[in-house]
Amino acid sequence: AILSVALPVLVRGHLHGGARGYGLVVAMASVGAVAGAIIAGSVKPPARPALVLSAAVTSGMLALAALPYLGGVWGAGIAFAVAGGLLSFGNLLAITAFQRWAPPQLLGRIMGLLLLASVGVFPISVLCGGLLVHALGASAAFPIASAGGITAVLVGLSSRSWREFSVD
């Protein structure tokens, strides 16, 4: 949700892109997300999806952290396309893995929890993003938010059961 707050402020202010620049950056993210979805649907599911998912999310977070510092709207768009592709790939890999792992009678509940964790906290995330952008500026929000995502991945990887998660 940091993107809902910080990206428009960054593009309009620091990157001097205006509405056209914002549209370009978001469109490039969409292209990346579609590419990531196509790739995720084309590859054989990995034996240890948590490790591949963690690598994709970490790489996507690093691309987002760099977004404000790549020289303008085009650099930001390329970073967002890379992040969009990696995060889309990771999200689809995770959803597919959880759906393959879950007992059929619990699938609806598990998917509901995943949606709550990803979409249900959006208003709180936007509020925190707004406070962060107001306090430190839009450019600083990207590496800070990315550090939070990478920290979540590292916490997950500290769990042996997550590292060894398998759907077979």
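These notebook entries record what I looked up in a predicted model.

**Entry 1. Helix H1 and its cover**

I began with helix H1, which spans residues 2-12. I listed the buried residues of H1 and found Ile2, Val5, Ala6, Leu7, Leu10 and Val11. I then asked what covers these buried residues of H1. The cover includes H2, helix H4 (73-101), helix H6 (122-136) and H7. I took two of these partners, H2 and H7, for a closer look.

**Entry 2. H1 against H2**

Helix H2 runs over residues 18-42. I looked up the axes of H1 and H2, which come within 8 Å and cross at roughly 130°. The two helices are therefore oblique to each other. I noted the hand of this crossing as right-handed. On the H1 side, the contact is made by Leu7, Pro8, Val11 and Arg12. On the H2 side, Gly18, Gly21, Tyr22, Val25 and Val26 take part. I sorted the residues of this contact by class and recorded 6 nonpolar, 2 polar and 1 charged. Leu7 and Val11, which belong to this contact, are also among the buried residues of H1.

**Entry 3. The loop between H1 and H2**

I next turned to His16, which lies in the loop between H1 and H2. Is His16 buried or exposed? Its relative accessibility is 68%, so I entered His16 as exposed. I also checked the backbone of His16 and found phi near 55°. This is a positive value in a residue other than glycine.

**Entry 4. H1 against H7**

I then examined how H1 packs on H7. The angle is about 145°, and the axes lie 8 Å apart. The crossing of H1 and H7 is left-handed, whereas that of H1 and H2 is right-handed. From H1, I listed Ile2, Leu3, Ala6, Leu7, Val9 and Leu10 at this contact. They meet Ala138, Ser139, Ala141, Phe142 and Ala145 in H7. By class, I recorded 10 nonpolar residues, 1 polar residue and no charged residues for the contact of H1 with H7. Leu7 appears here and also in the contact of H1 with H2.

**Entry 5. Ala138 in H7**

I looked up Ala138 as a single residue of helix H7. Its relative accessibility is 10%, so Ala138 counts as buried. Not counting residues up to four places away in sequence, Ala138 touches Ala6, Val9, Leu10 and Val133. I also looked up the separation of Ala138 from His14. The two are 124 residues apart in sequence, yet 8.3 Å apart in space, C-alpha to C-alpha.

**Entry 6. Ser146 in H7**

Ser146 also has its place in helix H7, residues 138-157. I found Ser146 to be buried, with a relative accessible area of 3%. What does the side chain of Ser146 reach? It reaches the backbone oxygen of Phe142 at 2.8 Å. Phe142 is itself one of the H7 residues that meet H1. Beyond residues up to four places away in sequence, Ser146 touches Met61, Leu64 and Ala65.

**Entry 7. H2 against H4**

I compared the axes of H2 and H4, which come within 6 Å and cross at roughly 30°. That makes H2 roughly parallel to H4, because angles under 35 degrees count as such. H2 passes H4 in a right-handed crossing. In H2, the residues at this contact include Gly21, Leu24, Val25, Met28, Ala29, Gly32, Ala33, Gly36 and Ala37. In H4, those they meet include Val73, Trp74, Gly77, Phe80, Ala81, Gly84, Gly85, Ser88 and Phe89. The classes I recorded for the contact of H2 with H4 are 16 nonpolar, 7 polar and no charged residues. Gly21 and Val25 are listed here and again in the contact of H1 with H2.

**Entry 8. Ala33 and Ser88**

I finished with one residue from each side of the contact of H2 with H4. Ala33 is in helix H2, and Ser88 is found in helix H4. At 25% relative accessibility, Ala33 counts as partly exposed. Ser88 is buried, with a relative accessible area of 14%. Which residues does Ala33 contact, leaving aside its neighbours within four places in sequence? I listed Gly84, Gly85 and Ser88. With the corresponding neighbours left out, Ser88 touches Ala33, Gly36 and Ala37. Finally, I noted that Ala33 and Gly17 are 16 residues apart in sequence and 22 Å apart in space, C-alpha to C-alpha.

Methods. Residues numbered from 1 in each chain as written. Predicted model: local features only at pLDDT ≥ 70, side-chain atom pairs only at ≥ 80, totals over all residues. Heavy atoms only, no water. Axes fitted to C-alpha atoms, helices over the stretch in contact; angles between N-to-C directions. Helix = DSSP H or I, 4+ residues; strand = E, 2+ residues; numbered from the N terminus. Parallel < 35°, antiparallel > 145°, perpendicular 65-115°, else oblique. Left-handed = near helix turned anticlockwise from the far one by under 90°. Contact = heavy atoms within 4.5 Å. Nonpolar A, V, L, I, M, F, W, Y, C, P; charged D, E, K, R; others polar. Buried < 20%, exposed > 50% of the residue type's maximum accessible area, 1.4 Å probe, protein only. Polar contact = N/O pair within 3.5 Å; in protein donor to acceptor, adjacent residues only side chain to side chain.
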